[in-house]
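Here's a quick walk through the model you have open. Let's see what holds it together.

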Amino acid sequence: MITLRNVAAYAASFVVLFCVEVAPESPLGLRLVPEAQAVVGAPLTPGSVAGVARRTTRRVAVAESAEASSEASAQAAAAQQQAATAEQQSATAAQQSATAAQQSATAQQQAAAASGALPLGTVVATLPADCSKMTSGGVEYYKCGPDYYRTAFQGSNLVYVTATP
Amino acid sequence: MKALHGLIPTLRPLDAARRLAAAAAVAALALASTAPAPAHAQASGVDPAAARILKRMTDYLASLPKFGVDTSNVVEVVLVSGQKLQFDSASKLTLQRPDKLRTERVGDVASQSLFYDGRTLTLFDPNDGHYATVPAPGTLDAAVDFARDSLDVVAPAGDLITTDAYQRLMADSTSGFVVGKSVVDGVRCDHLAFRGIGVDWQVWIDDGDKPFPRKFVVTTLDVAGLPQFEVRMSNWTLTPDVSPKRFEFSPPPGATRIEFLPVGNAGAQP
């Protein structure tokens with residue numbers, strides 16, 4: 001039920017106003033994963049014809065590499081966004097690398113989960129249990145076990161991404 | 001959290017064949033009685049009658065300086081098991097050309113609003129008071145693209161509301177035809193069906209003197225189970241409240257500003 005609830009929450013927020021455009025990473029469509037590893041940005045139904053045609057621009061989600069995100073900060077995020085935007089324009093190659101990236105990121109995430117700490121930049125739809133809220137530098141964080149999360153929008157979904165306060 | 005709905009109705013092959021035959025007849029009639037379709041770039045395989053009806057609708061919407069509409073959205077999600085779920089939501093959209101848009105979720109579930117005032121775009125989640133504001137392009141058309149491509153945020157029926165909607169829809173459409181007349185929510189419509197790259201889409205357009213779109217369905221072809229996105233549009237109004245404050249966002253006390261995650265995190269990969 002937990003995973004189903006996650007999907008419901010995800011889809012419900014997702015359809016609020018908008019639809020997330022994501023290309024299928026596998027022919028099976030949405031992948032459901034255990035709550036602790038909930039992957040946001042899984043394939044869904046595009047809500048736009050143009051979106052389908054331009055699906056290389058879709059979000060691929062999940063984790064960044066640990067190295068890349070060790071400097072996780074507003075600046076890094078901005079730079080990544082620029083990189084991502086540039087990448088959108090290079091279509092198929094980006095899509096393929098994105099898929100590979102997602103796979104490797106998922107693998108990292110699983111490996112890290114086993115060791116108790118998630119790689120920075122891991123995105124989850126729901127926080128784990130027993131988190132405490134804190135504010136650092138005007139930014140709101142949740143401390144959950146060994147991990148800190150900040151709240152963000154991924155598309156129109158409210159998500160939590162691991163970060164360093 | 002959300003009630004799940006039943007399976008969507010599907011056309012059985014026999015029905016489809018019948019309707020196609022009817023559609024062909026209607027298309028032939030329409031062709032006989034109308035001027036040639038516009039000289040716009042038009043993929044071969046698109047029935048000029050279908051193109052004409054579509055363009056009449058998009059031209060009409062593009063000509064409106066402002067409008068409001070209620071949308072009812074259904075999105076399907078296919079689980080790994082192949083089981084398909086539907087999720088419903090409704091939202092209210094207010095638009096003023098060339099550079100204002102507001103959409104807000106209505107109903108009893110989590111609400112969320114989008115504000116675009118020609119300078120910035122804000123997504124606000126009032127549940128726990130989170131919002132993100134980013135600089136946005138200066139026109140609605142560009143802002144719709146920006147939101148989709150850079151933020152992964154898609155306006156309901158975003159394909160239909162831009163001034164160049166016809167080009168957007170037809171750019172990758174390889175075929176299209178008039179299925180026939182159909183009644184959607186009590187309104188008599190022309191039912192059009194198109195095929196594009198990786199997608200089939202259908203639109204139902206009021207066949208009266210105000211050719212509003214009433215229903216729009218996008219079928220994703222490369223996901224098993226062919227999930228669909230559907231939006232029904234009702235309560236069209238040409239006189240919505242477009243006072244400037246409706247499109248500007250002022251964070252309520254206690255609201256927390258957050259960021260959009262970058263689209264395509266893969267950019268961070270070495």
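## A buried cysteine to start

Cys189(B) has a relative accessibility of 0%, so it counts as buried. Keep in mind that this is a predicted model.

How much of chain B is buried? Of its 270 residues, 55% fall in that class. Chain B still exposes about 11200 Å², with 57% of that supplied by carbon and sulfur atoms.

## How chain B is put together

Chain B has five helices and 13 strands. Its contacts reach across the sequence: counting those between residues at least 6 apart, 49% join residues at least 24 apart.

The open sheet in chain B takes in 12 strands, with mixed pairing, and reads S7-S8-S9-S10-S11-S1-S2-S3-S4-S5-S6-S12. Which strands stand at the edges? They are S7 (175–184) and S12 (256–257) of chain B, and each has a single partner strand, so one side of each has no neighbour in the sheet. As background, strands of a sheet pair through backbone hydrogen bonds, in either a parallel or an antiparallel way.

Within that order, S3 (residues 100–106) and S4 (residues 113–116) of chain B run antiparallel and are joined by four bridges. If you want a register check, look for Glu104(B) opposite Ser113(B) in S4(B).

Then there's helix H2 (residues 48–63) of chain B. Helix H2 lies across six strands of chain B: S1 (66–78), S7, S8 (187–195), S9 (199–206), S10 (213–220) and S11 (228–237). Relative to S9(B), the helix runs at about 65°.

## Salt bridges, some of them buried

Over all chains, a search of the whole structure turns up 19 salt bridges. Side chains of opposite charge can pair when their charged atoms come close.

One of these bridges pairs Arg102(B) with Glu104(B), at 3.2 Å from N to O. Buried or exposed? Both Arg102(B) and Glu104(B) are buried. Glu104(B) is also the residue that stands opposite Ser113(B).

Asp145(B) and Arg168(B) form another bridge, with 2.7 Å from N to O. Asp145(B) sits in helix H3 (residues 140–151) of chain B and Arg168(B) in helix H5 (residues 165–170) of chain B, so the pair ties together parts that are 23 residues apart in sequence. Arg168(B) counts as buried because its relative accessibility is 10%, and the cut-off for buried is under 20%.

Arg148(B) and Asp149(B) meet in a salt bridge too, at 3.1 Å from N to O, and both residues are buried. Which residues end up in one network through shared partners? Asp145(B), Arg148(B), Asp149(B), Asp164(B) and Arg168(B) do.

## The disulfide and hairpin in chain A

How many disulfides are there over all chains? The count is one, and this disulfide joins Cys131(A) to Cys144(A) with an S to S distance of 2.1 Å. Cys131(A) is in strand S2 of chain A and Cys144(A) in strand S3 of chain A, 13 residues apart. The link of Cys131(A) and Cys144(A) is right-handed, with 115° about the S-S bond. The two ends differ in cover: Cys131(A) is partly exposed at 27% relative accessible area, whereas Cys144(A) is buried at 5%.

The strands that carry these cysteines pair with each other. S2 (residues 131–136) and S3 (residues 139–144) of chain A are antiparallel, with six bridges between them. Thr135(A) stands opposite Glu140(A) in S3(A). Two residues separate the strands of this hairpin, and Gly137(A) takes a positive phi near 60° there.

Methods
Residues are numbered from 1 along each chain as its sequence is written. Chains are lettered from A and ligands numbered from 1 in the order in which they are written. This is a predicted model: local features need pLDDT of at least 70, side-chain atom pairs count only at pLDDT 80 or more; totals for chains, interfaces and linings use all residues. Side-chain values use heavy atoms; hydrogens and water are left out. Two strands pair if DSSP finds at least two bridges between them. Contact means heavy atoms within 4.5 Å. Axes are lines fitted to C-alpha atoms, for helices over the stretch in contact, and angles run from 0 to 180 degrees between N-to-C directions. A disulfide is a pair of cysteine sulfur atoms within 2.5 Å. Buried means under 20% relative accessible area, exposed over 50%, partly exposed in between (1.4 Å probe, protein chains only). Accessible areas come from the Shrake-Rupley method with a 1.4 Å probe; for residues, only the protein chains shown count as cover. A salt bridge is a side-chain nitrogen of Lys or Arg within 4 Å of a carboxyl oxygen of Asp or Glu.
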